[in-house]
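Hi,

Here is the structure I promised to pass on. Have a look at it first, and then read my notes below.

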Amino acid sequence: MKPAVLICCFNRPDATRRVLQAVREFAPDRLYVSCDGPRERAGEAERVAEVRALVDDPGWTCRVERRFLSANEGCASAIHGALEWFFSREETGIVLEDDTVPSKAFFQFCSEGLERLRDDRRVFGLTGNNLLPQGARSHQQSDVSLTRYFLCWGWASWRDRLAGFRLSADAWDEVKFRSHSEAEKLGAFERDFWAARFRMAYAGQYPGWATKLLHQSWMKDGLWVTPACELVSNIGFGQDATHTVGGRRTLGFESDPSPLVWPIELNQDEILEALRFLNIFNRDWAGVGNLLAEKEIYNRMIAYKKQVFELQAVLASPIAAGQAAFRAAASAFFRRIGVR
């Protein structure tokens, strides 16, 4: 049986229509739709109503479950409530937002992974994005691997992994985080970066539900399964976005990826993990840094940003041609700057 799909939506009918068209290709038996309520803004009630009308006839035969909020709860609360609602009814499932367009390969990846890894307690879920810098993707050793990082642009999990997930500030304990086994694998700078980002998320200073899910999966010794290429495109960049205002219009796959080949054993590669952090930091450092009260950490971010440019030059140079040379160059650089 195909896993159920949850779509979390709000006020963007064109984007939601594209997501629904992609889900139609998969044609799950059970479709869940959670839609936040409109704010008192001109035209928003009409746009929300247009979004909700899209699932009156999704385009294939399925059972549609609706959670349409009358009042606006905001992104974090609305999605958290949608996850509780969805996983109280389904043992497993796929989660999409109204700006995350999945490929056909994404559904194959999630369906197979949810079944294959049901009893693998290392795995908290599957994420449809790769998170590696573009130049590093050809140096992966398998189509599917483990990562400590979670990106919410299309993902899947199980009810028991999501049990207890909460948004409240009492979930944050910095001492426990810094002493946790996964955090202890990080370099000092990376640990400081995530401690600052998690602390701000729980204080309501940084966009938060996905950041909190990442933190709580770490604290439960959970890892995420990641594909060797992007399987989901984010089309939500623009003036009507919640967290991705401006910038490029899409981010993700350019053509539908081929089905992935699962390895005999899933592994976590610390060289690739360091490169994933580089990519996350490169995208998010200003948003975190501009909110930080700790100027010392901010100054370290500036210094690390300069090192990111240096590493990019090293990995793009002839010295890093070929997988073995690339990995050796990355490893030597990380040792030199004390990241790993």
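What follows is a short tour of the sheet and of one helix pair.

Keep in mind that this is a predicted model.

Let's start with the sheet. It is open, has eight strands with mixed pairing, and runs in the order E3-E2-E1-E4-E8-E6-E9-E7. E3 and E7 (144–147) sit at the edges with a single partner strand each, so one side of each has no neighbour in the sheet. Going from one strand to the next, the twist averages 25 degrees.

Now for two of the strand pairs. Strand E2 (residues 30–35) and strand E3 (residues 63–68) run parallel and are joined by six bridges. If you want a spot to click on, Val33 has Arg66 in E3 as its bridge partner. Between E2 and E3 the chain passes through helix H2 (residues 44–53), which gives a right-handed β-α-β crossover. Strands E6 (residues 123–127) and E8 (residues 155–158) pair in the antiparallel sense, over three bridges. There, Gly125 is matched with Ser157 in E8.

Then the helices. How do H8 and H9 cross? The axes of H8 (residues 188–202) and H9 (residues 209–219) come within 9 Å and cross at roughly 120 degrees. That angle makes H8 oblique to H9, and the crossing is left-handed. On the H8 side, the contact is made by Trp194, Arg197, Phe198, Ala201 and Tyr202. H9 brings Thr211, Lys212, Leu214, His215, Gln216 and Trp218. Sorted by type, the residues of this contact are six nonpolar, three polar and two charged.

Cheers

Key. Residues are numbered from 1 along each chain as its sequence is written. This is a predicted model: local features need pLDDT of at least 70, side-chain atom pairs count only at pLDDT 80 or more; totals for chains, interfaces and linings use all residues. Side-chain values use heavy atoms; hydrogens and water are left out. Axes are lines fitted to C-alpha atoms, for helices over the stretch in contact, and angles run from 0 to 180 degrees between N-to-C directions. Helices (H or I, at least four residues) and strands (E, at least two) are DSSP runs, numbered from the N terminus. Angles under 35 degrees count as roughly parallel, over 145 as roughly antiparallel, 65 to 115 as roughly perpendicular and the rest as oblique. A crossing is left-handed if the near helix is turned anticlockwise from the far one by less than a right angle, and right-handed if clockwise. Contact means heavy atoms within 4.5 Å. Ala, Val, Leu, Ile, Met, Phe, Trp, Tyr, Cys and Pro count as nonpolar, Asp, Glu, Lys and Arg as charged, and the others, Gly among them, as polar. Two strands pair if DSSP finds at least two bridges between them. A crossover is right-handed if, with the strands pointing away from the viewer, the path from the first strand over the helix to the second runs clockwise.
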